[in-house]
Amino acid sequence: MIDRGHLDRAGRAVTLRPVDDDNWRAVADVAPRDDQRRFVAALAARYLLLSTRSEVWTSLAVYADETVVGHVMWGVDDDGSHWIGGMVIDAAEQNRGVGRATVQTLATWLAARDGNPPVRLSYHPDNTAAATLYTSLGFHPTGATDDEELIAEQTLT
């Protein structure tokens, strides 16, 4: 379990846990709001499959206290940078600070690995909510893109 002490706005502890036999169905069923489906998969099941079929990504279940409320992945690129991807917070759990706590938790955990590598993520330029969140957490656009997405980086010193 990855726990950095972050809480959502309701005071629930947000932790990241391995996807296992007990929680995979709840994680697979996580679905964003309809208006977000042009930016993320319609169900977290797609990201679970990607992490199962790829050696790059590792899926994690996002918990608020003891309830699965989302999905997020992490990976390490060839250049040693650590990546956050595939974050989906269930529609019913949005606007409660779960996404913020998830990124804070995973970014600080990743930054502590392997000598403080840069932590990167990407988002579609039209996804202003994601841009606002990531900027507020210290991610800055690098000027690079991946497909249609902007790449942002956080370097903790």
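**Notebook: a strand pair, a helix and a pocket**

I began with the strands: strand 1 (residues 14-18) and strand 2 (residues 57-64) pair in the antiparallel sense, over five bridges. I kept in mind that this is a predicted model. To follow one bridge, I picked L16 and found V62 as its partner in strand 2. I also looked at how covered strand 1 is, and four of its five residues are buried.

Next I turned to helix 4. Which residues of helix 4 (residues 128-136) are buried? I noted A130, A131, L133 and Y134. These four lie on the same side of helix 4, because they cover an arc of only 165 degrees around the axis. I reminded myself of the general rule: an α-helix has 3.6 residues a turn, so residues three or four places apart point the same way. On the face turned away from the buried side, I found the exposed residues T128, A129 and T132.

What do the buried residues of helix 4 pack against? I listed strand 4 (82-89), helix 3 (98-111) and strand 5 (119-123). Just past the helix I met G138, which has a positive phi, near 90 degrees.

Last, I looked up the largest pocket, which holds about 1300 Å³ of space. Its lining has 46 residues, and V40, M87, N127, A130 and Y134 are the closest to its centre. Helix 2 (45-53), strand 4, helix 3, strand 5 and helix 4 each give two or more residues to the lining. I sorted the lining by class and got 20 nonpolar, 13 polar and 13 charged residues. I was happy to meet A130 and Y134 again here, after seeing them among the buried residues of helix 4.

Definitions and conventions:
Residues numbered from 1 in each chain as written. Predicted model: local features only at pLDDT ≥ 70, side-chain atom pairs only at ≥ 80, totals over all residues. Heavy atoms only, no water. Buried < 20%, exposed > 50% of the residue type's maximum accessible area, 1.4 Å probe, protein only. Arc of directions from axis to C-beta. Contact = heavy atoms within 4.5 Å. 1 Å grid on protein atoms, 1.4 Å probe; cavity = no way out; pocket = protein on both sides within 12 Å on 5 of 7 lines; lining within 4 Å. Points joined across faces, edges and corners; volume = space filled by probe spheres on them. Nonpolar A, V, L, I, M, F, W, Y, C, P; charged D, E, K, R; others polar. Pairing = 2+ DSSP bridges.
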